[in-house]
Amino acid sequence: MKPLLYLCAILFSISIAHAKTADPKIDKTGTVLGTVLDAALKQPLPYVNIIIKDTKNTNITGGISLDDGTFTINQVPEGDIIVSIQYIGYKTVNKNITIGKNNYTVNLGTILLEEAAEGLDAVTVVAEVSTIQQKVDRKVITVGKDLTTSGTSASDIMNNIPSVSIDQQSGNISLRGNENVRVMVDGKLSNVPIAQLLKQIPSTSIKEIELITNPSAKYNPEGMSGIINIKLHKNTKIGFNGNLNVGLTHEVFAKFNSSIDMNYRHGKFNFYGNYGNNIGKNDNFGSISRLDDNSLQNFKFQNNGKSHLYKVGVDFYMNDKNTISFFTNQNIYNGNNTGSAIISYTSLTQGQLFNNTSSNNSGQYNLAYKHEFTDENETLDIEIDYNDFENDELANFDFFNFNFPTNYVDNVDTQRQQTTVNIDYVKPITDKTKIEAGLEARLFNTNIDYMSTGQSFSSEGDIIPTPSTGFDYNRDIYSAYLTYGKTLEKWNYQVGLRAEQVIVTADALKTFNNSSTEFIPFENDYFQIYPSAFLTYNPTEKNSYQLSFSRRVDRPGLQQVNPIREWSTPRISSFGNTKLQPQFTNSVETNYTRQLEKGSITAGVFYRIIEDNINRYVFIDRTNITSGNSNLSYDNFDNTTAYGIELSTNYRPTKWWSLNGSFDLYSQKQQGIIEILDTDDIQNASVDDILRQDNEVETVIWNLRAFNNFKVSKKLSFSLFAMYRGEEESIQFTRKPMYMVNTGMRYNFLEDNRATFSFNYNDIFNTMKFEFEGSTPFPNIGGFNWESNTWNIALSYRFGGNNYSALKRKQRENNTKSGGGGFM
């Protein structure tokens, strides 16, 4: 509901600006400024309407409050005026002032808005249509019913978000075409692997998605392309209230999801809870044709999973100056996967059948304390966050018509813990300047134990029992930051600096069948400075310009450095590289936002220089060259660059038609190593026949998305979504274009439209698939398909009501790269 109110406030303010009348007789103007706070919570209220009227109650000019509750209205005519402070759900406050001699700048100080007695039941908690708002350092996508019914999980709806895409084969997420992005939930990193986490979060549990493409020094510097923060529903409405959602999706198999959000606020306490689940099977299939040996690999996978997401929390408002909050997130997952990889030659068919069971539990525990000083804008925040993750996986591999490998079983146990402590201090120096400072410690540890009944090749080429491997990885990060910001009439700027000391130790211990061991240690300690700068210019209420710079880092993710085999098929296996070094990115970005009479449009340009670029590379399996098998890993390469443009808009051509559209185009260089066999006689090939070559690819990719919502009546609406993802060339292969069209309808019913029924039909032309062709290390063409041609029905019901007064929780960004897999 809050983002919808923000949008209404912005549009209303624009209409007020249009109503401004110019009096040629007036040659002296003044300025009115102040700060708006919630009277009960003493929290800033953004997007409050500030309306300037004359004594006849005629609108003269106006504006809105910023994120910190402050506002400044310039060019206020001389004379007696009325300043009306209005916000939906709160009592209106009117101030009578005079602009005149010796009084051309009037500071109203702190204005406390009290909640109105009447409720807001006519305003739904979840908006019908998703909105996109461009803020100074981020895009905020409010997830409406149109998105929640277009897919059952966070992974399903991410492809509908500007600049974001999901690799449906591996589950990896990318921002502006780059997978070096940090993903968090409620401002916190989860120890659940990102691809799995996105599939576990029900779309109906998501309130907002934030895209922070150029974060300031206040934020952790990880992520070349930025941060994606998924905010789950939490409200602080007075009394008891909530939402209930159920949905069913089907193509090959049925998939069920549901969620419930509940809240109870009374007196000094606010209790809230959220539960969501995803239950069902998924069908995936694909093929790869090898042109060098005329073989065809057919893949088929079925994933059967049950995930449960719980969140409970409490806010305790001790007094006007002190608040204590606690919440916990719990993820529980159980899955069973089956599949086959069949390789067909002219006169022979070979195959691998496999199944695996996995279960994991992840728990997050967060304690936060907030103190406000005498000046409400001076604050101290202390936060402690602990996250643990446990995963057990048992995988069975059976082969036919293979001399090697033989049938085997893999057992992998994973344990991870992360503790984060933050201290943040904000101090206004004057009405127009402030500093922010903070300290942070992040302590991360993971331990992976791997055992197998299978066989492997030794470095000498002999067949030996697969060694057991233990991998212990520790990374401690200690950091401090300082930012300084100032407002100069129509200009705003902020500069910042973050310093970090990183201590990394990793030990891999391989134990062989003859009781011999191989110890692989690794250390990497380094100190880095990360500057950032932001400049904003607002010449008018309709125009806004922003320029920013930041230096960032991509620390290798756990899967990228883990030497234990991540996954394997008869022809390719994936491993990490323990010697992988971090890569650093210097990023410059500029944006322009134009408020239109019926919406807004934002255009942006970015440029990045990447040092010690991390990329994947494919190399020939030297322990079994004659098989034509390959291995997949990571390495550091030379510096590279990326640049691009973005356009996005919210526009309402008519009262019944609204449009969210986006277009992005970017160019990027990729550097890597490729290997080829310099012989046509693969059966007699040796290491001497392997040619190793540096390769560089520069490609231009463009993407287009358009979401249309058509409102037939107050109760009935239809939607049409279309997306196109252009061809992309990488080091190993070229991905073909991808596109799809989705349709949907929503119907509201019951009193105050508390209930909503929706129906969506996705990928109606069944065109969404991953197709590619490549030449290294062996020439091949292929493709993968998943259940994209689905229909979905969903029902949501809102209960409770009363006024909205959300506690603005600090969204702290703690981030670690999670490397992913995938055949390519």
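# Close-up views of the predicted model

**View 1. A nonpolar patch lies on the surface.** The largest share of this patch, four residues, comes from strand E46. The model you are looking at is a prediction: local features are described only where pLDDT is at least 70 and side-chain atom pairs only at pLDDT 80 or more, while totals for chains, interfaces and linings take in all residues. Residue numbers start from 1 along each chain as its sequence is written, and side-chain values rest on heavy atoms, with hydrogens and water left out. The members of the patch are Leu-244, Val-246, Phe-256, Ile-279, Tyr-747, Leu-750, Phe-757, Phe-759, Trp-791, Ile-793, Leu-795 and Tyr-797. Together they offer about 950 Å² of accessible area (Shrake-Rupley method, 1.4 Å probe; for residues, only the protein chains shown count as cover). To join a patch, a residue needs over 30% relative accessible area and no salt bridge; nonpolar side chains (Val, Leu, Ile, Met, Phe, Trp, Tyr) are linked within 5 Å, and like charges within 9 Å. At least two patch residues come from each of the strands E15 (239-250), E43 (755-761) and E46 (791-800). The element names follow DSSP runs numbered from the N terminus, with helices (H or I) of at least four residues and strands (E) of at least two.

**View 2. Here are two patch residues, Phe-757 and Leu-750, and the loop residue Asn-766.** Phe-757 sits in E43 and is partly exposed, at 34% relative accessible area (under 20% is buried, over 50% exposed, and partly exposed lies in between; 1.4 Å probe, protein chains only). Leu-750 belongs to the loop between strand E42 (738-749) and E43. Its phi is near 70 degrees, a positive value in a residue other than glycine. Asn-766, in the loop between E43 and strand E44 (770-774), also has a positive phi, about 55 degrees, although it is not a glycine. With 43% relative accessibility, Asn-766 counts as partly exposed.

**View 3. Four strands make an open antiparallel sheet.** Their order is E3-E2-E5-E6. Strand E3 (59-64) and strand E6 (93-99) stand at the edges with a single partner strand each, so one side of each has no neighbour in the sheet. From one strand to the next, the twist averages 25 degrees (axes are lines fitted to C-alpha atoms, for helices over the stretch in contact, and angles between N-to-C directions run from 0 to 180 degrees). Inside the sheet, six bridges join E2 (49-54) to E5 (79-86); two strands pair if DSSP finds at least two bridges between them. Look for Asp-54, which stands opposite Ile-81 in E5. Strands of a sheet pair through backbone hydrogen bonds.

**View 4. Glu-787 meets residues from far away in the sequence.** This residue is in the loop between strand E45 (780-786) and E46. Glu-787 is buried, at 11% relative accessible area. Its C-alpha atom is 6.3 Å from that of Glu-251, although the two residues are 536 apart along the chain. Leaving aside residues up to four places away in sequence, Glu-787 touches Glu-251, Val-252, Phe-253, Lys-255, Lys-281, Asn-282 and Asp-283 (contact means heavy atoms within 4.5 Å). With Lys-255 the side chain of Glu-787 forms a salt bridge of 2.9 Å, N to O. That pair links distant parts of the chain, 532 residues apart, with Lys-255 in strand E16 (254-266) and Glu-787 in the loop between E45 and E46. Both partners, Lys-255 and Glu-787, are buried.

**View 5. Further salt bridges join other charged side chains.** The rule asks for a side-chain nitrogen of Lys or Arg within 4 Å of a carboxyl oxygen of Asp or Glu, and the count comes to 19 salt bridges. Arg-551 and Glu-611 meet at 3.4 Å, N to O. They too link distant parts of the chain, 60 residues apart: Arg-551 is in strand E29 (543-554) and Glu-611 in strand E33 (599-611). Arg-551 counts as buried at 14% relative accessibility, whereas Glu-611 is partly exposed at 23%. Another salt bridge joins Arg-735 to Glu-728, with their closest N and O atoms 3.2 Å apart; both of these residues are buried. Finally, salt bridges with shared partners tie Glu-440, Arg-442, Arg-498, Glu-500 and Arg-555 into one network.
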